[in-house]
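Me: Please take one part of this model and look at it closely. Set it in the context of the whole chain, and give the cut-offs behind each term as you go.

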Amino acid sequence: MKKNDKVKEILKRPAKLQVTQEELNKVEHSQGNDQYNTWFGRYVLDKFDKGSSGSSSSGAQQRFVARFKCKPDTDSGYTKADKNLTSKQLFCIYFARGCCAYGHNCLYRHRIPNENDELQFEQTIDIFGREKFSTFKEDMSGVGNFNSECRTLFIGGIHIDTFEQVHLIEQILYDEFSNFGPIDYVRYVPFKNIAFVQYSYRVNAEFAK
């Protein structure tokens, strides 16, 4: 099925309600307030950084299983953004995180972006409408750099027991991240417990991040 045909098929059905507002209200952060920093991707006082007072005694970064997850095959569909063709069609960051409580009433797109969408977005903003900066952050997190196109994601903290598991890890990563767009390659570096996933298009990397 061609890309345009696939989008047309998706837009025949309303976007699914991923969560209810009541479910979102129950989400509590380890330590935070109402100020959310979109550059760091967390609440101001949340303890996620290595070496912070909220870290374990070993200094390892705290990790939590995400409460919500985007399932494009079942969650995608048309929203109010698809009816309003006069303005820039931004994508819903909450849909990407699996926690949009508006469904088809959302003002942003609820589907996976493709190469046609990439032509509509200049380098200064990402597909969610957030402004990029002139340089990358030191830890390569944040919205991104408008001076350099980035299609590669960095994944850290992946531990294996034997080198025979390298191929298995790469396959798991491919299966998970390919849900968000076409992938060029997946590379796992066992000695550093890190991996790289490169997408064919920038918009898919921005969505998956």
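Reply: From the N terminus on, the elements of the protein chain run α-α-β-β-α-α-α-β-α-β-β-α. That makes seven helices and five strands, where helices (H or I, at least four residues) and strands (E, at least two) are DSSP runs numbered from the N terminus. The model is predicted, so local features need pLDDT of at least 70 and side-chain atom pairs count only at pLDDT 80 or more, while totals for chains, interfaces and linings use all residues. Residues are numbered from 1 along each chain as its sequence is written, and side-chain values use heavy atoms, with hydrogens and water left out.

The part chosen here is the sheet. An open sheet of three strands has the order 3-5-4, with antiparallel pairing; two strands pair if DSSP finds at least two bridges between them. Strand 3 (152–155) and strand 4 are the edge strands, each pairing on one side only. On average, neighbouring strands of this sheet are turned by 15° against each other, direction ignored. For such angles, axes are lines fitted to C-alpha atoms, for helices over the stretch in contact, and the angles run from 0 to 180 degrees between N-to-C directions. Helix 6 (residues 166–177) packs on the sheet and touches strand 3, strand 4 and strand 5, contact meaning heavy atoms within 4.5 Å. The direction of helix 6 makes about 140° with that of strand 4.

In general, strands of a sheet pair through backbone hydrogen bonds, either parallel or antiparallel. Strand 4 (residues 183–189) and strand 5 (residues 194–199) run antiparallel and are joined by six bridges. I183 stands opposite Y199 in strand 5, and the bridge partner of Y188 in strand 5 is A195. On the other side of the sheet order, four bridges join strand 3 to strand 5, and these two strands also run antiparallel. Here T152 stands opposite Q198 in strand 5.

The side chains of strand 3 alternate: L153 and I155 point to one face and are buried, whereas T152 and F154 point to the other face and are not. Buried means under 20% relative accessible area, exposed over 50%, and partly exposed in between, with a 1.4 Å probe and protein chains only.

Strand 4 and strand 5 form a hairpin with four residues between the strands. N193 lies in that loop between strand 4 and strand 5. Its phi is near 60°, a positive value in a residue other than glycine. Most residues other than glycine have a negative phi, and most peptide bonds are trans.

Another loop leads from strand 3 to helix 6, and I160 has its place there. Not counting residues up to four places away in sequence, I160 touches Q165, V166, I169, Y188 and P190. Of these, Y188 has already appeared as the bridge partner of A195. The C-alpha atoms of I160 and F191 are separated by 9.9 Å, although the two residues are 31 residues apart along the chain.

Some figures for the whole chain give the setting. Of the 209 residues of the protein chain, 36% count as buried. Among contacts with a separation of 6 or more, 61% are accounted for by residues 24 or more positions apart. The accessible surface of the protein chain comes to about 13300 Å², of which 52% belongs to carbon and sulfur atoms. Such areas come from the Shrake-Rupley method with a 1.4 Å probe, and for residues only the protein chains shown count as cover.

Outside the sheet, two polar residues in loops are worth listing. Q89 has its place in the loop between helix 3 (72–75) and helix 4, and it is buried because its relative accessible area is 7%. Leaving aside neighbours within four places in sequence, Q89 is in contact with A81, D82, N84, R109 and F121. N114 lies in the loop between helix 4 (93–96) and helix 5 (115–118), and it too is buried, with a relative accessible area of 7%. The side chain of N114 reaches the backbone nitrogen of N116 at 2.9 Å.

The cysteines complete the account. The structure holds zero disulfides, a disulfide being a pair of cysteine sulfur atoms within 2.5 Å. For C70, the nearest cysteine sulfur is that of C92, 9.3 Å away; C70 counts as buried at 4% relative accessibility. For C99, the nearest cysteine sulfur is that of C100, 7.7 Å away, and C99 counts as buried at 13% relative accessibility.

Terms used: Polar contact = N/O pair within 3.5 Å; in protein donor to acceptor, adjacent residues only side chain to side chain.
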